[in-house]
Amino acid sequence: MKVNGKCQLIQCSCCKFCGCLRPGIVHSAEKLKSAAILILTILLTVGAVADEVTIPAKQLSACSQNISPEYPQFADLTLCVGRGGFMEWAFDVQGGSFYIHFLYCSGENRSCRMKVNAAAVSGEVLGSVTGGFMPSDLVWATYGPFKLHKGRNTTRITTEGFMPHLKILHISPSRKPPTGTGFPTQTGLPVESHMGTSIESLRRAVQYLSHKFGDEYSCADQHLQQIEAIAQALKDSEDEIAVLELKNRIERLQHEALVQDNPLLNCGKLLFIKRYTYQSSHYYTDFIDGCHDFGGNICQLDLRTGRVRELAPAMAKGIFGRFDLDFDAQRVIFDWKRKIGEGFRIYEVGIDGKALRQLTFPPADEAQRIEKYDNSFLGGTGERYQHHTDDMHPCFLPNGGICFISTRCQRGILCDGPDILTTTTLYRANGDGSDIQVLSQSPVSETSPSVMNDGRILYTRWEYVDKADVVVKCLWAMRPDGTGSVEIFGNDITFPDTMLHGRAVPGTNNLFVVIGTPHMPAGVGTVIRLDINYPIRTRQPMTYITPDIDIRTEYGFFHKRKGRWIRDNVGPLYTDAHPLDEKFFLVSCNPDRPYNDSSAYGIYLLDEFGNRVLIYQDDEISCWHPILLQRRKRPPCIPSLLSPPNSSATIVMADVYKGIESVPRGTIKYLRVLETLARPWEARRFWDGDSAYQQHAVVSMNTHLHIKRLHGIVPVDIDGSAHFTVPADKNLFFQALDENFMEVQRMRTFINLRPGETRSCIGCHEQRRWAPPRKKVLALTRPADRLAPQPGETAPRAIYYPTDVQPILDRHCLSCHNAEKTQGDLNLSGELTTLFSRSYEEILKKNLVKVWRENDPKTGEAAPLPPYSLGSHKSKLVDLIRQGHEGVKLSRTEFIKLVTWVDSNAAYYGSYFGRRNLKYKDHPDFRPIPVVSTTCPSAALVDAPNP
């Protein structure tokens with residue numbers, strides 16, 4: 001139907017989706033015609049009685065110089081840059097009593113003053129906090145009524161402080177603001193244009209299925225004939241009602257050709273979860289702050305009849321998280337939460353709904369843990385999450401065991417100052433839940449394990465080692481015993497910053513599907529297929545199955561709407577992609593509502609050709625995690641290679657120069673081995689004043705967020721090879737050093753080796769397509785080297801500025817650079833400041849050392865850096881000393897300690913424990929010197945006091 005020359009979609013009362021008629025519902029032409037006449041009558045009536053004006057906020061009639069009509073960083077909202085300013089709009093009305101409605105957002109109180117026709121309005125306006133500064137936070141504010149002139153009128157807002165962000169002004173006689181936000185949506189596209197795209201998408205999909213399945217898809221010719229008939233009818237039709245009927249026909253044909261007749265769905269049944277949408281603040285916080293609404297089930301859907309059966313009706317009042325189907329399609333394993341205050345636990349049930357049993361249970365000291373680590377006084381998650389343990393995201397292993405994620409590791413997220421967010425890491429257990437073992441010591445979260453076709457575990461790993469702290473949550477794999485952890489894709493890709501719910505495409509070892517999501521607010525976003533036969537240090541492996549949705553910032557979603565990219569938090573949004581093959585995917589999709597709408601997500605079939613077909617929707621609750629209910633080939637069982645606990649691991653590096661060819665051979669003499677340490681719950685502080693730079697208890701002055709431990713060095717042979725042992729179950733990374741023990745290149749990720757494991761690498765920044773060199777590796781001609789201390793040092797040890805660096809400054813620099821004599825405007829005294837010391841703050845503020853700031857910017861580039869980019873070779877302080885500044889000459893031991901601190905990214909503290917703030921200087925636990933035993937415990941074991 002065309003209204004005012006524009007094509008509008010009719011929404012039937014039996015369907016909640018704009019312009020989308022549900023499969024199986026037939027609408028007669030008479031009903032469509034009646035609906036069209038009714039809508040047209042309403043529109044004409046409204047236009048006749050209401051004198052209303054809508055003005056995009058960007059259409060200003062006057063403004064101060066610091067007004068940005070469209071500011072890209074805030075999705076082209078209209079805003080005032082900096083303090084002070086005014087915006088004015090002019091509009092014509094018939095005259096009389098009117099209200100002025102502003103559509104705006106503000107994450108804090110930014111009250112303004114308002115004038116209407118130069119007359120000041122009493123009181124402040126636009127002062128309410130909407131929750132944030134992005135389009136998803138927009139709300140209407142209404143003021144009036146005002147007596148307006150017939151003809152031209154103006155309204156102006158002014159401020160002395162900061163101004164909220166605006167989208168629309170609406171002037172009307174009604175006190176009630178309009179509905180909607182004024183953002184264009186895909187439903188605003190002309191019907192004819194949209195249908196043309198749908199017809200071509202369907203044609204290509206049917207042709208693909210016909211080519212792939214041949215006689216098994218014998219209906220292809222019939223479907224193609226129907227497609228061509230509809231396409232021709234669309235060309236010939238000039239009647240709006242007829243066009244809408246054609247739209248109905250093409251949607252019914254989509255369902256018939258791609259769902260009912262699709263050989264990929266011939267099993268006829270799906271499993272999925274019913275759950276109210278999590279209200280999570282981050283992609284990984286479903287279990288922390290996402291559990292607001294309880295109810296749902298794990299369900300079986302019959303595709304032929306539409307019948308849905310609950311597998312665990314007795315558990316319908318809890319929350320079902322994620323699940324997996326065993327390889328024989330007889331059992332389902334899932335995580336379930338009974339109520340607030342209890343953690344998720346793992347259960348198993350037969351596909352017939354029988355033999356329900358619980359597999360994991362709370363630790364024996366669960367109540368004591370909750371009491372010990374309670375921080376509800378901080379607010380935030382306190383009402384919903386009491387730091388209990390949670391077991392989640394289970395999957396079946398080929399040998400009958402299970403893998404899952406858990407908070408049993410008792411670790412906090414490193415970039416979480418209040419310490420209300422918890423880390424999850426990978427665990428495994430026997431099929432009955434016994435013999436639970438931790439597989440990883442990761443400092444930040446791991447999530448969503450699934451089994452690859454080769455028997456390895458695929459999962460999402462969040463990590464940052466001298467990289468921006470929110471941009472790398474990518475796909476990794478490991479063997480079921482935790483050995484062989486390796487990047488699959490994404491460790492150098494900045495956006496999407498999160499690659500979630502990865503799954504291997506059936507029958508392949510190089511194809512995967514993943515959901516690209518932002519760090520915040522939730523684990524939904526865009527569907528991406530990966531082909532890792534392409535170079536994984538590039539974006540070449542990525543194919544966007546949903547190309548009009550992208551992730552380009554830490555927060556929110558970008559949509560291409562009417563040919564223009566905007567950022568908002570409204571659908572279409574996707575998650576839980578289950579690949580049927582490399583072209584077709586079952587997904588959970590929210591087509592057009594806010595990301596956290598409790599019932600917005602349904603089950604759809606999505607394909608590479610542009611089709612999205614609704615399979616099942618529940619109007620009251622969202623639906624998640626669809627998978628086929630059918631047997632699948634069991635991947636191979638990979639035997640365990642583990643040695644007894646506390647056994648060391650062995651590393652062989654073939655050629656350190658491979659990957660850093662710009663470095664002349666013979667330059668690298670040593671590898672320095674360091675460890676990045678997780679922060680245990682045991683390090684929780686229950687006092688104030690120690691948090692800064694988004695660190696729970698400060699570690700550095702905005703360099704990195706984690707504690708680092710030095711384990712020692714090993715020699716590099718003249719051919720670039722190294723062969724050495726390292727402690728197992730540590731998050732280790734390496735630095736390539738020259739003859740002066742100065743860093744040439746830094747490994748900005750970590751490797752986690754299990755007891756007895758032997759790993760080899762070809763070189764730096766190893767790529768999947770590389771092959772080992774066809775030459776003798778000199779380091780293998782002798783037994784493996786053991787880690788040794790650097791000259792004049794002990795190892796392992798924490799890196800701690802007050803004992804590593806300050807004594808050197810006291811001996812060599814303090815005579816000229818002190819509180820009274822600040823040559824070069826530099827004070828290098830050890831005077832304690834609120835959180836650090838005078839010299840440390842001076843060195844960092846004056847950029848005398850070259851560091852990588854993990855939290856500033858949080859979304860910095862993740863690509864590899866060339867040699868000599870960071871550390872001692874790029875630091876002014878080291879350069880001055882090497883040049884013999886004022887006759888200063890450090891001993892070899894002093895120089896090595898100094899450059900080791902610089903190369904370690906210039907932290908101040910060497911432990912998560914102890915009080916920092918100067919106001920605690922008389923406390924017995926004020927800034928203790930760290931020792932190895934208290935730097936950080938391993939796994940779930942904690943051995944340091946919490947004063």
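## Ser280 and its surroundings

Let us start with Ser280, in a model that is predicted. Ser280 touches Thr285, Asp286, Asp289, Gly290, Pro521 and Tyr595, leaving aside residues up to four places away in sequence. You can find Ser280 in the loop that runs between strand 14 (269-275) and helix 5. Is this serine buried or exposed? Its relative accessibility is 2%, so Ser280 counts as buried.

One of the residues around Ser280 deserves a second look. The side chains of Ser280 and Asp286 are joined by a polar contact of 2.6 Å. Asp286 will come up again in the next section.

## The largest cavity

How many cavities of 30 Å³ or more does the structure hold? There are nine of them, and the largest has a volume of about 380 Å³. Its lining is made of 30 residues, and those closest to the centre are Arg275, Tyr278, Tyr283, Asp286 and His501. Asp286 thus appears twice in this tour: in the polar contact with Ser280 and among the residues closest to the centre of the largest cavity.

Several elements give two or more residues to this lining. They are helix 5 (286-289), together with strand 17 (319-325), strand 21 (391-396), strand 26 (446-451), strand 30 (498-504), strand 37 (573-579) and strand 41 (623-628). Sorted by class, the lining has 13 nonpolar residues, 11 polar residues and six charged residues.

## A four-stranded sheet

Strand 17, one of the elements that line the largest cavity, also belongs to an open sheet of four strands. The order in this sheet is 17-18-19-20, and the pairing is antiparallel. Strand 17 and strand 20 (357-358) stand at the edges with a single partner strand each, so one side of each has no neighbour in the sheet.

The partner of strand 17 is strand 18 (residues 331-337), and five bridges join the two. To see one of the bridge partners, look for Asp324, which is matched with Ile333 in strand 18.

## Strand 8 and its two partners

Further towards the start of the numbering is strand 8 (residues 96-105), which is mostly covered, with eight of its 10 residues buried. Which strands pair with strand 8? Strand 11 (residues 139-148) pairs with strand 8 in the antiparallel sense over eight bridges. Strand 13 (residues 165-172) is also an antiparallel partner, over seven bridges.

Two residue pairs help you find these pairings on the structure. Ser97 stands opposite Lys147 in strand 11, while Ile100 stands opposite Ile171 in strand 13.

## Strand 45

Now move on to strand 45 (residues 707-715). Eight of its nine residues are buried, so strand 45 is largely enclosed by the rest of the structure. Strand 43 (residues 670-677) runs antiparallel to strand 45, and eight bridges join them. Here Arg672 stands opposite Ile713 of strand 45.

Strand 45 also pairs with strand 51 (residues 797-798), again in the antiparallel sense, over two bridges. In this pairing, Arg709 stands opposite Ala798 of strand 51.

## Loops on either side of strand 51

Ile799 lies in the loop between strand 51 and helix 7 (801-804). With 4% relative accessibility, Ile799 counts as buried. Residues that Ile799 touches include Leu674, Lys708, Leu710, Trp901 and Tyr909. Ile799 and Pro930 are 131 residues apart along the chain, and their C-alpha atoms are separated by 8.7 Å.

Pro791 lies in the loop between strand 50 (758-761) and strand 51. At a relative accessible area of 25%, Pro791 is partly exposed. Not counting residues up to four places away in sequence, Pro791 touches Phe741, Arg892, Thr893 and Ile896. Pro791 is also 78 residues from Ile713 in sequence, with 9.7 Å between their C-alpha atoms.

## Helix 9

The last stop is helix 9 (residues 838-845), a mostly covered helix in which six of the eight residues are buried. Which residues of helix 9 are buried? They are Ser839, Tyr840, Glu841, Glu842, Ile843 and Leu844.

The cover over these buried residues includes helix 7, helix 8 (806-812), helix 10 (876-882) and helix 11 (892-903). After helix 9 comes Asn847, whose phi is positive, near 55°.

Methods
Residues are numbered from 1 along each chain as its sequence is written. This is a predicted model: local features need pLDDT of at least 70, side-chain atom pairs count only at pLDDT 80 or more; totals for chains, interfaces and linings use all residues. Side-chain values use heavy atoms; hydrogens and water are left out. On a 1 Å grid over the protein atoms alone, a cavity is a set of points where a 1.4 Å probe fits but cannot get out, and a pocket is an open set with protein on both sides within 12 Å along at least five of seven lines; lining residues have an atom within 4 Å of a point. Grid points are joined across faces, edges and corners, and a volume is the space filled by probe spheres set on the points. Ala, Val, Leu, Ile, Met, Phe, Trp, Tyr, Cys and Pro count as nonpolar, Asp, Glu, Lys and Arg as charged, and the others, Gly among them, as polar. Buried means under 20% relative accessible area, exposed over 50%, partly exposed in between (1.4 Å probe, protein chains only). Two strands pair if DSSP finds at least two bridges between them. A polar contact is a pair of N or O atoms within 3.5 Å; within protein, one must be able to donate a hydrogen and the other to accept it, and residues adjacent in sequence count only if both atoms are side-chain atoms. Contact means heavy atoms within 4.5 Å.
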